[in-house]
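Student: I would like to go through this structure with you. Could we begin with the overall fold and then turn to individual residues?

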Amino acid sequence: MLFRAFTKSAAFPGLAFAAVALGALYFALMSGHLHSIDGLITYRQGESLIYEHSLFFSRPLWPGAPWMTSKYGIGLSLLYMPGLLIGSWLHAYTPMVGKKAFDLILFYTDPYYAWAGAPVYILITVTAACLVAFVCRELGLSRNLSLWSFALYGIGSPALIYSRGDWSQQLEALCWIAAIYGALKFRRSGSSGAVLCSLALAYALLTRPVEGLLISVAILLILAPNVRLRTWSGVQWRGVIIAGLGASLGVVLTLAINWARYGSPFVFGYEGEGWTNPLWVGLIGSTISPARGILWEFPAVLFLPAGVVSLLHTSHRKVAGLLTLLLLVQLVNVSAWLWWWGGVDYGLRLFVPALPLLAVFSAVGLSRLGKSVRNRVALVAIVAALLFSIPCILTDLYAGYGETYDGTLDSLRLDSYPLFSAFGYMHHLVATHPLDLTGIDIMWVRLVGQTGGLSLLPMVFLLILACVAAARAIAQSRLTMPQNGAVTGTRSSLVLTGAEEL
């Protein structure tokens with residue numbers, strides 16, 4: 001189902017080139033190293049599965065480390081396994097044990113991760129961006145606006161930052177938008193989409209159980225036509241059953257993995273943690289704090305209310321209502337969590353699964369504007385987002401910014417906005433040695449000293465490729481639009497009607 005969507009990109013001019021452009025940009029900006037203890041544990045889980053066929057680590061991460069297995073969902077670890085298998089000859093160069101917690105050797109000197117780990121996030125994020133555009137098309141937006149939604153997510157949101165990371169939230173975002181796309185396809189045609197929903201829900205639960213449960217409930221309610229079961233048609237029953245089987249499989253496998261790890265299906269490894277943060281504090285931090293606020297890291301969110309209202313006046317009103325409720329529940333889920341900001345990182349990491357949905361609603365909101373106006377407004381929103389993202393991309397999180405602004409009060413400080421402070425921890429452009437954190441945190445630049453500058457050639461090539469592919473995407477998009485700006489595709493405009501209900 002998902003494969004057919006991409007292979008039929010000729011029906012969506014410009015999207016294939018846009019995907020190439022975004023992928024090339026991400027590869028040009030990749031850090032090539034691990035970023036967190038969470039990411040290290042998840043990555044080591046993949047290694048233990050592929051090499052030792054076990055959920056347990058054969059040796060601790062460092063002497064006295066409390067983790068001998070991962071407490072995180074198995075979904076991301078499984079995606080590492082193909083790269084780990086292909087590049088197994090690099091396994092001998094992996095620093096398996098550190099001297100202490102946050103030993104920089106574990107994060108910065110593993111060449112294996114640059115091969116088997118970092119590209120996974122790029123593919124995940126590009127695929128999610130494409131699905132954002134496909135969802136917008138299902139909702140009736142023009143190709144032009146759908147491409148803007150692609151850009152809003154791919155470069156106008158923290159997805160640009162987290163395409164370089166090692167956290168599972170980016171994979172959860174892909175599962176969310178894939179499940180939503182599958183549900184919309186099924187509601188429109190009744191003959192496709194349910195299998196994609198099923199797979200996406202199963203993997204969402206395997207990746208992050210709480211967020212997986214949230215999207216599972218939302219999708220099943222979207223697929224269910226009403227509460228009167230006797231009125232359901234055979235097609236409607238089929239969609240709910242197929243999606244429900246996927247969700248059930250995800251729950252069963254998650255409980256089985258818990259049992260194997262901890263001896264009980266109901267132990268998730270988060271004992272001592274929970275939703276204990278004062279909600280009003282978390283909501284302020286999640287929305288407007290300079291270090292984590294959605295408003296600063298994704299300014300296009302200002303158009304979300306207009307997008308919701310627009311959809312509520314189409315035949316998509318039920319979908320719009322449920323997905324809006326899903327966003328609100330996820331915001332509360334994140335804001336009430338003990339460490340609502342998600343640890344040492346840039347931006348509101350725990351809210352990342354909802355970013356594709358924010359991009360969809362924001363693009364729908366932009367559709368209320370005239371074409372020339374909305375193009376300018378969308379561009380301004382992307383530029384404003386880049387003011388937040390660029391410092392996060394160029395500087396190293398552990399050079400000082402991450403620890404300085406780690407926490408609720410520090411996230412609310414005005415100087416915690418990355419543009420104001422992150423560059424203060426950059427002392428030079430090129431790292432002087434592998435563990436130098438004060439240079440530009442891009443793999444190709446970090447390798448300059450070891451390659452005599454030759455490592456910059458791939459980066460330059462990738463940036464040129466990104467520019468050329470982006471130009472082709474824009475040109476193809478304009479060819480599909482007559483001069484009066486009307487949509488030439490077969491789908492109806494959002495303003496006129498949405499997809500037909502089953």
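Tutor: Let us fix one term to begin with: contact means heavy atoms within 4.5 Å. Among contacts in the protein chain between residues at least 6 apart in sequence, 76% join residues at least 24 apart. This is a predicted model, in which local features need pLDDT of at least 70 and side-chain atom pairs count only at pLDDT 80 or more, while totals for chains, interfaces and linings use all residues. Residues are numbered from 1 along each chain as its sequence is written, and side-chain values use heavy atoms, with hydrogens and water left out.

Student: How many helices and strands are there in the protein chain?

Tutor: The protein chain has 25 helices and 0 strands. Both are DSSP runs numbered from the N terminus, with helices being H or I of at least four residues and strands E of at least two.

Student: What is the radius of gyration of the protein chain?

Tutor: It is 22 Å, which agrees with the value near 23 Å for a compact globule of 502 residues. The radius is taken over C-alpha atoms, and the globule rule is 2.2 Å times the number of residues to the power 0.38. The C-alpha trace spans about 60 × 55 × 45 Å along its principal axes.

Student: What percentage of the residues is buried?

Tutor: Buried residues account for 59% of the 502. Buried means under 20% relative accessible area, exposed over 50%, and partly exposed in between, with a 1.4 Å probe and protein chains only.

Student: Which residues touch the most other members of the largest nonpolar core?

Tutor: They are Tyr153, Ile215, Ile219, Phe351 and Leu358, in a core of 155 residues. Helix α7 (residues 118-138) gives the most to this core, with 15 residues. Such a core is a set of buried Ala, Val, Leu, Ile, Met, Phe, Trp, Tyr and Cys residues joined through side-chain atoms within 4.5 Å. Leu358 touches Phe351, and also Ile294, Phe298, Val301, Leu304 and Leu327, leaving out residues up to four places away in sequence.

Student: Is Gln330 buried or exposed?

Tutor: Gln330 is buried, because its relative accessible area is 0%. Gln330 belongs to helix α17 (residues 317-336). Beyond four places in sequence, its contacts include Trp176, Glu211 and Phe351.

Student: Changing topic, where is Ile155?

Tutor: Ile155 sits in the loop between α8 (143-154) and α9 (159-162). Ile155 counts as partly exposed because its relative accessibility is 24%. Leu386 is 231 residues from Ile155 in sequence, yet their C-alpha atoms are 7.4 Å apart. Setting aside residues up to four places away, Ile155 touches Leu22, Leu25, Leu160, Ile382 and Leu386.

Student: And what of Phe303 and Gln45, how far apart are they in space?

Tutor: Phe303 and Gln45 are 40 Å apart, C-alpha to C-alpha, with their positions 258 residues apart in sequence. Phe303 lies in the loop between α15 (294-297) and α16 (304-312).

Student: Which sign of phi does His53 have?

Tutor: His53 has a positive phi of about 50 degrees, although it is not a glycine. Most residues other than glycine have a negative phi. His53 is found in the loop between α3 (37-52) and α4 (75-86), and is exposed because its relative accessible area is 68%. Phe102, also not a glycine, has a positive phi of about 60 degrees. Phe102 lies in the loop between α4 and α5 (104-108), and at 43% relative accessibility counts as partly exposed.
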